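Colleague: I should like to learn how to read several features of a protein model. May we go through them in turn?

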Amino acid sequence: MEQILIIQKVLNNNVVIAHHDTYKEVVLIGNGLGFNRKKGDSIPFDEADKTFLLKDENEMEQYVNLLPYIEEKLLIFIHELLLFIEEKMDKQLNEHIHVALTDHIAFAINRAKKEIQFSNPFLFEIESLYPKEYLVAKDVVTKVEERTGVSFPEGEVGFIALHIHSAVTDKPLRDINRYHALISKMVNIIEDNLDIQLEKNNIDYHRLIQHLHRAIDRAAKGTLLGEENKLAAMLKSEYPVCYNLAYKLIKVMQNQLNKPVDEAEVMYLTIHLQRLTHKF
């Protein structure tokens with residue numbers, strides 16, 4: 001049986017907000033969906049190309065306020081991109097990406113047209129940590145450039161990859177960015193304390209970044225590694241510089257996250273740091 005919804009608000013020719021018996025307000029998107037329709041009109045649920053629910057009232061308001069600044073053809077194209085991302089990632093996207101990525105791509109296009117470029121200091125780390133999201137983001141950038149004729153700086157791939165990662169993991173983008181900033185800070189501390197310049201294309205750097213990311217994630221979730229007292233004593237005795245630096249980094253992590261960090265992390269981080277000195 002075909003489900004009929006009642007339009008609450010027509011946002012433009014392609015987007016309407018309608019009442020759903022179960023989900024209350026839903027956003028319906030489709031080419032020409034809102035044309036010649038008004039509040040109170042009925043609309044078949046299946047007529048929409050894309051349907052999503054924004055439970056957060058602030059996000060709904062932000063989305064409604066965003067639409068007047070975006071050409072309707074571009075809006076439809078961005079939703080094609082969202083379907084493409086969902087297919088490539090083979091995961092359902094958190095609905096907040098409709099606001100976040102629509103906003104990001106629309107204004108990234110405007111920046112590119114004005115030749116305003118933003119660097120992405122975490123580009124290598126993003127590619128290292130989220131390889132699948134990064135590859136999909138590259139395809140998204142290619143599609144945008146082919147459709148609009150604008151050229152994006154390389155950093156945009158990283159920004160879009162973060163939006164994708166946020167949408168498939170349900171992690172807030174602000175937390176993801178905060179963790180990257182923490183990793184960057186710890187890398188600087190490592191370079192200063194060991195008096196080395198880390199090479200980003202080195203496999204040991206890649207392993208270090210992966211480890212720091214997992215350590216932060218474990219700390220955020222409160223996951224414990226378990227005690228290895230004999231290994232800890234050996235590492236502290238054999239590699240005191242790296243052991244003490246690892247302990248320092250754990251304390252930095254603890255202060256930045258405002259959460260306790262399992263001290264067993266010191267052991268595994270010591271091994272990574274010692275490997276970086278090429279003396280392990």
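Modeller: The turns below treat aromatic rings, a charge over a ring, a buried residue and the annotated domains. Please keep in mind that this model is predicted.

Colleague: How many aromatic pairs are there by the rule used here?

Modeller: Rings pair if their centres lie within 6.5 Å. The count comes to one aromatic pair. Its members are F124 and Y205, with 5.8 Å from centre to centre and 45° between the planes, which makes the pair tilted. The pair links distant parts of the chain, for F124 belongs to helix α4 (residues 123-129) and Y205 to helix α8 (residues 203-221), 81 residues apart.

Colleague: Is Y205 buried or exposed?

Modeller: Buried means under 20% relative accessible area. Y205 is buried because its relative accessibility is 3%, whereas F124, at 28%, is partly exposed.

Colleague: Which residue lies over the face of F84?

Modeller: That residue is K143, at 4.6 Å from the ring centre of F84.

Colleague: What is L5 in contact with, leaving aside its neighbours within four places in sequence?

Modeller: L5 lies in strand β1 (residues 4-12) and counts as buried, because its relative accessibility is 2%. Its contacts include A18, H20, V26, L28, I43 and F45. By way of a distance, the C-alpha atoms of L5 and E146 are separated by 36 Å, and the two residues are 141 apart along the chain.

Colleague: Which residues does UniProt list for "domain: PRD"?

Modeller: The unreviewed UniProt entry lists residues 69-174 and 175-280. The span 69-174 is 73% helix and 0% strand, and its end C-alpha atoms lie 24 Å apart.

Technical notes: Residues numbered from 1 in each chain as written. Predicted model: local features only at pLDDT ≥ 70, side-chain atom pairs only at ≥ 80, totals over all residues. Heavy atoms only, no water. UniProt positions renumbered as here; feature names shortened; annotations may be inferred. Helix = DSSP H or I, 4+ residues; strand = E, 2+ residues; numbered from the N terminus. Phe/Tyr/Trp six-rings, centres within 6.5 Å; stacked < 30°, edge-to-face > 60°. Buried < 20%, exposed > 50% of the residue type's maximum accessible area, 1.4 Å probe, protein only. Lys NZ or Arg CZ within 6 Å of the ring centre and 35° of its normal. Contact = heavy atoms within 4.5 Å.
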